Amino acid sequence: MSGKGVALGRSLLAFSQLTVLLFSPDDVLFIDVPGVPGEIGCGGIRAVSLWCLAHSGSSESLVVRIAAIAILIAVASGFRPRWSCIPHYYVSFSLNTGLTVPNGGERVAQLVTMLLVPICLADGRTWQWKGVDAGASPAWRGASYAAHSFIRLQLAVIYGWAALAKFGSPGWREGTAFRAIANDPSFGLPTCCRTIFGAALASGWAVAVITWGVIALELLIAISMFGSRRTRMFGLVMVIVLHAGIITLMGLFSFGMIMIASVIIGALGRDESGHQHLAVRHRLGFQGGLHRASRTGSGRLRGRPS
């Protein structure tokens, strides 16, 4: 039972994963890292993942890539959420366990798509964009409500831990971490941005404001997940600001879009699966009460002596 907020977040999540497969070949996704084999690790539970069904660099690898792309396109389009939710989770699981060096977004995507399964299994619509399906049983509505709540809890834990863990680093405590990140040769600012932000990077107080501002944003986002719908919307705005900055300055596109999509689902989903259905039930009950009152009143009028 998903509304338009969940539909938007789910489609954006699939689109973010789609960009990874469309623009990153196997030799980028499965790279040689010191101490980490370049081949896909297929031990334990990873043996059932999609890329472990094929040999790296073979025609089988192309087939599973095309299959994953087709699934993500179907999810992004919003077609048959009940049918596509489990395949979507399988692709997310395969990406998270298969990539040699996942950026963290894949793990969040796996978690969110797993929790979307009970929500989407209750959704019998052909397209997820057409209103709200109110035909599910109370048990499915309760499962959807619980899944939305747990998504919010997980997002609060993710952003809360990201903020608190930074206090263990001297650079973050002292307010100098942004300068170190900006000058990192691998993940730092591109040359054009270093020129633009040159004055800020040279200013100790500006670097401190940006560094501590990131921690403050993450803490506020975590807290907002426990608030009202308006509070959660404020948290969503902060997520967009935070990750838009990371995408622009550091180029972590798929990670940022996955996090924005996940917070869209968490910020909007619970009200749509719980409160909207309560409103529908209240409206139907009110109409039923009017109908019964009308029938009772008519009966009294018919039974009154002339």
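**Entry 1: α1 and α5.** I began with helix α1, residues 4-23, and how it packs against α5 in this predicted model. I read an angle of about 140° between the two, with the axes 12 Å apart. Angles over 145 degrees would count as roughly antiparallel, so I noted α1 and α5 as oblique to each other. Their crossing is left-handed. I then listed the residues that make the contact: α1 supplies Val6, Arg10, Leu13 and Gln17, and α5 supplies Ala109, Val112, Thr113, Leu116 and Cys120. I sorted the residues of this contact into 6 nonpolar, 2 polar and 1 charged.

**Entry 2: α5 and α6.** Next I followed helix α5, residues 105-121, to α6. How do the axes of α5 and α6 cross? They come within 7 Å and cross at roughly 165°. Since the cut-off for roughly antiparallel is over 145 degrees, that makes α5 roughly antiparallel to α6. I noted this crossing as left-handed. On the α5 side I found Val108, Leu111, Leu115, Leu116, Pro118, Ile119 and Leu121 in the contact. On the α6 side I found Trp140, Ala143, Ser144, Ala147, His148, Phe150, Ile151, Gln154 and Ile158. The residues of this contact divide into 13 nonpolar, 3 polar and no charged. I marked Leu116 in my notes, as it is listed in the contact of α5 with α1 and in the contact of α5 with α6.

**Entry 3: α6 by itself.** I then looked at helix α6 alone, which has 29 residues, 138-166. From its first C-alpha to its last it reaches 43 Å, close to the 42 Å expected at 1.5 Å a residue. Which residues of α6 are buried? I wrote down Arg141, Ser144, Ala147, His148, Ile151, Arg152, Leu155, Ala156, Tyr159, Gly160, Ala163 and Lys166. Among them, Ser144, Ala147, His148 and Ile151 also appear in the contact with α5.

**Entry 4: α3 and α4.** I turned to helix α3, residues 59-77, and α4. They pack at an angle of about 130°, and I noted their axes as 10 Å apart. I therefore recorded α3 and α4 as oblique to each other. The crossing of this pair is left-handed. The contact is made by Ala68, Ile71, Leu72 and Val75 of α3, with Ser84, Pro87, His88 and Val91 on α4. I counted its residues by class as 6 nonpolar, 2 polar and no charged.

**Entry 5: two residues of α4.** I stayed on α4, which spans residues 81-98, to look up tyrosine 90. Is tyrosine 90 buried or partly exposed? Its relative accessibility is 28%, and buried would require under 20%, so tyrosine 90 counts as partly exposed. Not counting residues up to four places away in sequence, tyrosine 90 touches Val48, Ser49, Leu50 and Leu53. I checked valine 48 further: it is 42 residues from tyrosine 90 in sequence, while the C-alpha to C-alpha separation is 9.4 Å.

My last look-up was asparagine 96, which also lies in helix α4. I read 14% relative accessibility for asparagine 96, so it counts as buried. Which residues is asparagine 96 in contact with, leaving aside its neighbours within four places in sequence? I found Pro102, Glu106, Arg107 and Gln110.

Terms used. Residues are numbered from 1 along each chain as its sequence is written. This is a predicted model: local features need pLDDT of at least 70, side-chain atom pairs count only at pLDDT 80 or more; totals for chains, interfaces and linings use all residues. Side-chain values use heavy atoms; hydrogens and water are left out. Helices (H or I, at least four residues) and strands (E, at least two) are DSSP runs, numbered from the N terminus. Buried means under 20% relative accessible area, exposed over 50%, partly exposed in between (1.4 Å probe, protein chains only). Contact means heavy atoms within 4.5 Å. Axes are lines fitted to C-alpha atoms, for helices over the stretch in contact, and angles run from 0 to 180 degrees between N-to-C directions. Angles under 35 degrees count as roughly parallel, over 145 as roughly antiparallel, 65 to 115 as roughly perpendicular and the rest as oblique. A crossing is left-handed if the near helix is turned anticlockwise from the far one by less than a right angle, and right-handed if clockwise. Ala, Val, Leu, Ile, Met, Phe, Trp, Tyr, Cys and Pro count as nonpolar, Asp, Glu, Lys and Arg as charged, and the others, Gly among them, as polar. The expected span of a helix is 1.5 Å times one less than its number of residues.
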